[in-house]
Structure formats: structure tokens, C-alpha cells
Amino acid sequence: MTNLLIIARKEIQEGLRNRWVLATTLLLAALALTLTFLGSAPTGNVGAGRLDVVIVSLASLTIFLVPLIALLLSHDAIVGEMERGTMLLLLSYPLGRREVIFGKFLGHLAILAFATVFGYGAAAAALAATGTAIDAESLRAFLAMIASSVLLGAVFTAIGYVASALSGERSTAGGIAVGIWLFFVLIYDMALLGALVAAQGKTVPSWLLDLLLLANPTDAYRLLNLGSGEAGALSGLGGVAAHTGLSPVLLLAALAVWTLAPLAAATLLFSRREL
């Protein structure tokens with residue numbers, strides 16, 4: 001555990017030194033505040049609370065932005081250290097390769113968690129400062145959205161390690177990372193929608209739809225945060241969620257599997273790689 005914390009601290013210090021922590025926190029805070037004050041206009045028409053509108057806006061933002069930030073953080077975690085020659089130095093200490101991977105993961109996750117909590121928390125703080133009434137249910141949904149956003153970041157951090165372990169150069173890892181982001185965030189859902197349209201009204205088995213949604217971590221995140229309550233009514237995903245058999249516990253379990261499986265794969269690939 002001590003070795004994991006040492007590696008994690010190293011990653012956090014590097015993040016502070018190259019301004020990753022500051023940049024991501026300010027970016028998320030700026031976008032969250034913008035969406036808070038410019039995106040709450042629908043509340044008067046639909047009768048939803050302002051914080052519920054913020055949840056929908058931030059969850060939609062998270063699907064595009066947090067995976068990209070996570071991949072940018074992690075895509076050179078292995079190959080970058082090897083190119084710079086620092087991996088040999090790191091492994092000269094009494095550290096296992098698994099400890100290196102998991103220590104880096106803890107450090108990167110801490111950076112993402114800090115940026116997300118303080119960046120998105122600024123939105124709720126701003127609403128409270130303006131005297132907006134925030135009920136307990138909306139606050140719980142907002143906190144759950146922040147926690148699941150960090151979990152989504154963990155998923156793509158782990159996937160970024162796989163890209164890094166497979167690549168021989170940082171540029172290659174960067175290209176793979178961008179491709180991964182495009183696939184999960186844009187291409188997958190467009191292809192799924194195209195397939196449903198091509199079915200020409202034929203009923204898709206519910207179990208197949210559930211599997212297709214779980215096969216994309218961003219869809220699991222979307223259903224988790226936008227599939228129920230006021231957020232479900234505002235986003236229009238409440239009807240979709242009602243026709244699936246995916247409970248919040250199952251969606252959280254899917255995100256956990258999406259984190260652990262790539263993390264294990266990256267560890268295996270790194271352990272077999274020659275320095």
C-alpha cells in the first residue's frame with residue numbers, strides 16, 4: 001500500500017507541476033457555471049428545479065469531456081515513461097509492475113476527482129449563493145452525478161492504460177486514445193441508432209437492448225443519471241430507462257467492471273512487455 005501511495009503522489013505532483021490539476025478544475029468550473037446560469041431557462045416551462053436542469057446539463061457535458069480528459073491523462077502513462085527512460089529508473093526501486101499501474105491509477109483518479117468535485121461543486125455553490133431553493137432529492141441526485149462522473153473518468157483512465165501498454169510510441173497511444181473517445185462517445189450511439197432505424201419498426205428484444213447499452217460505459221452513465229426522476233423527464237430518457245431492465249445497481253456494477261477489466265488487461269500487458 002505504501003508503494004501505491006508513493007506512485008500516486010508522484011502522479012499528483014506531476015499533475016500539479018504541469019498544471020493538469022489547475023487546468024481541468026478551471027475548465028470544468030467554467031463550463032459548469034456557464035451551464036448553470038445560461039442553461040436554466042427551461043425551468044419556468046417544465047416546472048423543474050434549477051439544480052435538476054444543471055444535473056441534465058452537466059451529465060451531458062460529462063459524457064463528452066470527462067472521458068477525453070481521462071484519456072489525455074492516461075494514454076502515455078506507460079509508453080511515455082518508457083520513452084523518457086524514467087520507467088527503468090522507477091522499476092529499479094522495489095516496485096512491482098502491478099504496483100506501478102495501480103499507483104498511477106490512484107493518482108490520476110485523485111486528479112479527476114478533485115477537478116470534478118470542485119469544478120461541478122462550483123455550480124451548486126453558485127445556485128445556493130443566489131438563494132435558489134435546493135431540495136434534498138435534487139441534492140442527492142447532484143452528488144450521485146458527481147460520484148458517477150468520477151467513476152466514468154476511472155473507466156476511461158483504465159482504458160487509456162491499455163492503449164499505452166499496447167503502443168510503442170506516445171504519438172501512437174495518442175491516436176488510439178482519440179479513436180477510443182470517438183468510438184464510445186460519438187460513433188457507437190450513432191451506429192446503434194442507425195441499427196434501430198434499419199430495423200424498420202421491428203421490436204428489439206429487451207435483453208439485447210440492455211446488452212447493447214451496457215456495452216458502452218457512456219450509455220450506462222447516461223441512463224444512471226438521466227433515466228429517472230426529474231432528470232429523466234427533462235432529458236427524455238425516462239421512457240427509455242423504463243423499458244429496460246437496468247437498475248441503478250446494475251449500471252454501477254457495469255461501470256465498475258468497465259474499470260476493473262481494462263485495468264487488469266493493462267497490468268497483464270505491461271507485465272509481459274520488455275523495457
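Start with Phe-142: setting aside neighbours within four places in sequence, this residue is in contact with Leu-51, Val-54, Ile-55, Leu-58, Tyr-120 and Ala-124. Keep in mind that this is a predicted model. From Phe-142 the tour goes to the nonpolar cores, then to the charged pairs, a buried asparagine and the aromatic rings.

**Nonpolar cores**

- The largest nonpolar core has 51 residues, and Phe-142 is among those with the most contacts inside it, along with Leu-58, Tyr-120, Met-145 and Phe-156.
- Quite a few helices chip in: H2 (20-38), H4 (50-74), H7, H8 (136-166), H9, H10, H11 and H14 (248-271) each give two or more residues to this core.
- The top contributor is H4, with 14 residues.
- There's also a second, separate core of 18 residues, which includes Val-100, Phe-105, Ala-154 and Phe-270.

**Annotated spans**

- An unreviewed UniProt entry puts the feature "transmembrane region" at residues 20-41, 53-74, 105-129, 141-163, 175-199 and 249-270.
- Take residues 53-74: in the model this span is 100% helix and 0% strand, and its end C-alpha atoms lie 31 Å apart.
- Residues 105-129 also come out as 100% helix and 0% strand, with 35 Å between the end C-alpha atoms.

**Salt bridges around Lys-104**

- Searching the whole structure turns up 8 salt bridges.
- In general, side chains of opposite charge can pair when their charged atoms come close.
- One of the salt bridges joins Glu-11 to Lys-104, with 2.7 Å between the closest N and O atoms.
- That pair ties together distant parts of the chain: Glu-11 sits in helix H1 (residues 2-17) and Lys-104 in helix H7 (residues 97-129), 93 residues apart.
- Both partners, Glu-11 and Lys-104, are buried.
- For Lys-104 the relative accessible area is 2%, so this lysine falls under the 20% cut-off for buried.
- The side chains of Lys-104 and Glu-11 also register as a polar contact of 2.7 Å.
- The pair isn't isolated: salt bridges link Lys-10, Glu-11, Glu-14, Glu-81 and Lys-104 into a network.
- Leaving out neighbours within four places in sequence, the contacts of Lys-104 are Ile-7, Lys-10, Glu-11, Ala-77, Glu-81 and Tyr-161.
- If you want a distance to the core residue Phe-156, its C-alpha atom is separated from that of Lys-104 by 14 Å, and the two residues are 52 apart along the chain.

**Salt bridges around Arg-222**

- Arg-222 forms a salt bridge with Asp-189, and the closest N and O atoms are 3.2 Å apart.
- This one also links distant parts of the chain, with Arg-222 in helix H11 (residues 217-226) and Asp-189 in helix H9 (residues 170-198), 33 residues apart.
- Arg-222 has a salt bridge with Asp-219 as well, at 2.5 Å from N to O.
- Here both residues lie in helix H11, 3 residues apart, or about one turn of the helix.
- Asp-219 has a relative accessible area of 5%, so this aspartate counts as buried.

**Asn-216, a polar residue tucked in a loop**

- Asn-216 lies in the loop between helix H10 (206-214) and H11.
- Its relative accessibility is 0%, so Asn-216 is classed as buried.
- A polar atom of the Asn-216 side chain lies 2.9 Å from the backbone oxygen of Phe-184.
- Not counting residues up to four places away in sequence, Asn-216 touches Phe-184, Tyr-188, Asp-189 and Trp-258.

**Aromatic rings**

- The model has 6 aromatic pairs.
- One of them is Phe-183 with Phe-184, an edge-to-face pair at 5.1 Å centre to centre and 75° between the planes.
- The two rings' residues have different exposure: Phe-183 is partly exposed at 37% relative accessible area, whereas Phe-184 is buried at 10%.
- Phe-183 also pairs edge-to-face with Tyr-188, at 5.8 Å centre to centre and 75° between the planes.
- Tyr-188 is buried, with a relative accessible area of 13%.
- Ring pairs gather Phe-156, Phe-183, Phe-184, Tyr-188 and Trp-258 into a cluster.
- Three members of that cluster, Phe-184, Tyr-188 and Trp-258, are also touched by Asn-216.

Technical notes
Residues are numbered from 1 along each chain as its sequence is written. This is a predicted model: local features need pLDDT of at least 70, side-chain atom pairs count only at pLDDT 80 or more; totals for chains, interfaces and linings use all residues. Side-chain values use heavy atoms; hydrogens and water are left out. A salt bridge is a side-chain nitrogen of Lys or Arg within 4 Å of a carboxyl oxygen of Asp or Glu. Helices (H or I, at least four residues) and strands (E, at least two) are DSSP runs, numbered from the N terminus. Buried means under 20% relative accessible area, exposed over 50%, partly exposed in between (1.4 Å probe, protein chains only). A polar contact is a pair of N or O atoms within 3.5 Å; within protein, one must be able to donate a hydrogen and the other to accept it, and residues adjacent in sequence count only if both atoms are side-chain atoms. Contact means heavy atoms within 4.5 Å. A nonpolar core is a set of buried Ala, Val, Leu, Ile, Met, Phe, Trp, Tyr and Cys residues joined through side-chain atoms within 4.5 Å. UniProt positions are given in the numbering used here, feature names are shortened, and annotations may be inferred rather than shown by experiment. Rings of Phe, Tyr and Trp (its six-membered ring) pair if their centres lie within 6.5 Å; planes under 30 degrees apart count as stacked, over 60 as edge-to-face and the rest as tilted.
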